[in-house]
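Colleague: Could you take me slowly through one small part of this structure, since I am new to it?

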Amino acid sequence: MASVNKRQLGQGRHDIAPGSTAKGASRQQPLLLLAWLASASPAMAANGALDARLQEKANAVVSLMTFNVVPDITSSNLDIAWGSGQQAGLSMSQVGGGATMSKEVPIYLEGNLGYSRYDPKFVISQGQESRLIPAKWNSLTATGGIGWDFAVAPNWVLRPIANFSLGTVASDIQIGNWYINRKTGKGLDFLDNGQLNVFGLGGSLMLDYELFSDTQDIDAEFRYSYLHLQSTIGTSPSVKGEANAENFGIYLRRRAPLLDWTLLDRPLRYVLEGARTEYLGDQRGLLGFNALNSVGVGLELDSSNYQVWVTRTRLMYRLMFGNNTNGYAIGLAMSF
């Protein structure tokens, strides 16, 4: 029977501070798109200028959602911290997993949930009076996939996957009477509790190697993914957006018994893993880096001797690094 494996992606932190020093990190280069996104708009007397500025930022937020729709250990949890004043912050988290049903029914199913929060700011002007409007945008994405395993060699399968994604960006700002009483443009409908809904279609191609034995388990995945996201029904009239998620990822893992230690009547295992994601197309350079890498070490508890749903539980510590960017993550993963 083929391995049925479900991996939780990146439960932890990956801290980045553009232009400053993150925990245990070297100084970062500015994240160009995020630096532009975080800047407050110049004071605008014309609502048309506000609408255009709002549309630009909404498009960019859809682009940021592309980092949450593809399963990816390296970017599964990103915290980008900004300074005070007119700067904003971005947080992204992701959790998901996949499983092949069996050798007899080689259907592969996967699911992924992503969440991000972004705090842009706008300066609105009415005559001689202007106000800084701090918006708070939250995005949630859900991605599913169904594929089929084609055996191409001993322990190797080629796995095409059809993917679909649904997402939403919601604004929870409360602007107040100062601007509500003076609004004449359409941009307010998104700024004041508005919503941007996204639908995505695409696919992935994965080459997967699995070797399972009493002495060691080896798993290697090579995956290319592409999804096109665009706004759909239920979106506030003033905003539309589209973007592509495209990347190539490599994931390697080895598990083996740790000395002669046993827990729950099974060997306690150590886990070594490595991963690299190369961002392509619209994603390349979007956050200031073209690729992210991860190396990790952890322990695995085997509970397969007992009548429980979870057969293995892994606790992982990962180091993340890329173009002048690094951080860390603490992850929890499970097999069923």
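Modeller: What follows is a close look at R312 and D302 and the strands that hold them. This is a predicted model, in which local features need pLDDT of at least 70 and side-chain atom pairs count only at pLDDT 80 or more, while totals for chains, interfaces and linings use all residues. Residues are numbered from 1 along each chain as its sequence is written, and side-chain values use heavy atoms, with hydrogens and water left out.

R312 belongs to strand β16, residues 312–322, a strand (E) being a DSSP run of at least two residues, numbered from the N terminus. Strand β16 runs antiparallel to β15, and 11 bridges join them; two strands pair if DSSP finds at least two bridges between them. One bridge partnership links E300 with R314 in β16. On its other pairing, β15 (residues 291–302) is joined by 10 bridges to the antiparallel strand β14, residues 266–279, where V271 has G298 as its partner in β15.

R312 is buried, with a relative accessible area of 15%, buried meaning under 20% with a 1.4 Å probe and protein chains only. Its side chain makes a polar contact of 2.6 Å with that of D217; such a contact is a pair of N or O atoms within 3.5 Å, where within protein one must be able to donate a hydrogen and the other to accept it, and residues adjacent in sequence count only if both atoms are side-chain atoms.

D302, placed in strand β15, is also buried, at 2% relative accessible area. The side chain of D302 forms polar contacts with those of R266 at 3.4 Å and S304 at 2.7 Å.

Notes:
Helices (H or I, at least four residues) and strands (E, at least two) are DSSP runs, numbered from the N terminus. Buried means under 20% relative accessible area, exposed over 50%, partly exposed in between (1.4 Å probe, protein chains only).
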